[in-house]
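Biologist: I am new to this structure. Please show me how to read its cysteines and charges.

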Amino acid sequence: MNRPGVCSNQDEQGQATRDSVERLFRHHSAQLVSTLARIFGLEHLDAVEDAVQEAMVSALRTWPHQGAPGNPPAWLFQVARHQLRDRLRQRFLWDEKSGEVERFTAFLSHAESSPPRFAQEIEDDTLRMTFACCHPVIPREGQVALNLKLVGGFGTREIARAFLSNEVTIAQRIVRAKRRLRRADIRLEIPSSDELRSRLEPVLEVLYLLFNEGHSALEGAELVRMDLCHEAIRLCRLLAGHQLTNRPEVHALAALLLFQAARLPARANAAGELLLLQEQDRSAWDQQLIALEVEHLQQAATGNHLTDFHLEAEIAAHHTLADDFASTDWQCILDCYNALMDRQPSPVVALNRAVVLARVEGGEKALRELEVLAENE
């Protein structure tokens with residue numbers, strides 16, 4: 001007979017391992033899907049996704065009992081490649097591409113000794129997938145949904161909540177977007193400068209939504225999904241450092257995300273309860289991220305192209321760089337919200353503006369504006 005304490009401890013360890021696998025898989029699945037899709041083509045995207053998904057299932061089945069391997073990404077890729085090989089051999093594609101698969105396998109197995117150029121090539125695969133999903137043949141809502149699925153690793157339910165929609169609608173939207181990718185024979189590449197601007201806007205929107213999901217997770221036990229926040233920042237800074245996408249709006253989004261991320265260490269108390277900005281310990285904010293934020297904000301100020309990201313980054317900067325909550329420049333923040341309302345009014349912006357307006361001109365005026373907003377809904 002097993003002792004209750006032993007069973008309980010084993011169950012807790014097994015659950016901890018399963019949680020670890022899910023976090024790891026979500027972090028690496030986009031890279032595995034993107035790289036395998038680049039090698040074999042987007043026409044085989046479904047087979048690639050199935051193979052990577054089977055790798056997760058295998059990990060969830062074996063790791064809780066045998067323990068996680070020393071190199072989890074390489075293990076997941078090995079399982080995914082075997083699954084994909086079985087699916088593609090009948091199409092005579094595996095033998096043609098097996099050399100490149102072996103090259104990527106060697107990279108994962110000996111990452112520290114791989115040439116930096118090759119490592120950069122692998123890292124860029126996720127960006128290539130992002131731009132492919134934002135091809136103009138796909139409607140905007142389909143672009144964002146497909147990116148959240150393939151690049152962010154979101155489930156259909158999470159995407160549905162992000163869109164305030166239902167799962168069936170989102171699932172159909174993703175299927176249609178994949179179909180358009182296959183029919184258009186789209187390659188995984190960062191587009192040329194001629195078509196870059198139209199493709200860059202939805203890419204930035206995806207990264208914005210990806211960070212927001214991590215900042216206020218809609219699924220799971222964690223109120224803050226640090227892995228999603230960091231992935232959004234990583235991809236955004238990758239864009240900011242690329243010669244074709246080193247643009248002010250990219251730096252503006254990078255600054256916004258970094259300002260938000262810098263405050264995450266103080267966003268919850270020891271009991272896991274979220275804290276308001278005025279309740280947070282500012283000494284716990286990440287000063288290295290704040291320094292990076294300022295650099296990106298300075299680069300965002302170049303040129304004459306103003307975006308919502310610029311205005312939101314300026315708001316975040318005033319909150320983060322103030323010495324304390326009382327010394328926040330509320331008038332400048334109100335000016336930014338006024339500009340956002342002029343550009344693209346929304347209930348969320350109006351509500352946030354009303355909160356700031358109460359601090360600048362008093363609660364009575366803010367309440368009157370909220371009443372007008374409610375009457376116009």
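Modeller: Start with C133, which is buried at 0% relative accessibility. Buried means under 20% relative accessible area, exposed over 50%, and partly exposed in between (1.4 Å probe, protein chains only). This is a predicted model: local features need pLDDT of at least 70, side-chain atom pairs count only at pLDDT 80 or more, and totals for chains, interfaces and linings use all residues. Residues are numbered from 1 along each chain as its sequence is written, and side-chain values use heavy atoms, with hydrogens and water left out.

Biologist: Why is C133 not bonded to C134?

Modeller: A disulfide is a pair of cysteine sulfur atoms within 2.5 Å. The closest cysteine sulfur to that of C133 belongs to C134, and it lies 6.7 Å away, too far for a bond. C134 is in no disulfide either. C134 is buried, at 1% relative accessible area. The disulfide count is 0.

Biologist: Now the charges. How many salt bridges are there?

Modeller: Side chains of opposite charge can pair when their charged atoms come close. The rule for a salt bridge is a side-chain nitrogen of Lys or Arg within 4 Å of a carboxyl oxygen of Asp or Glu. The count here is 14. One of them joins E49 and K178, at 2.2 Å from N to O. This pair links distant parts of the chain: E49 sits in helix 2 (residues 45-66) and K178 in helix 8, 129 residues apart. Helices are DSSP runs (H or I, at least four residues), numbered from the N terminus.

Biologist: Are E49 and K178 buried or exposed?

Modeller: E49 is buried, with 12% relative accessible area. K178 is buried as well, at 11%.

Biologist: Which side chain meets E141 in a salt bridge?

Modeller: That of R173, at 3.2 Å from N to O. E141 lies in helix 6 (residues 140-150) and R173 in helix 8, 32 residues apart. E141 is partly exposed at 46%, whereas R173 is buried at 13%.

Biologist: Is there another pair to look at?

Modeller: Try K365 and E361, which meet at 2.6 Å, N to O. K365 is partly exposed at 30% relative accessibility. E361 is partly exposed too, at 42%. Elsewhere, salt bridges with shared partners join D46, E49, K149, K178 and R182 into one network.

Terms used
Helices (H or I, at least four residues) and strands (E, at least two) are DSSP runs, numbered from the N terminus.
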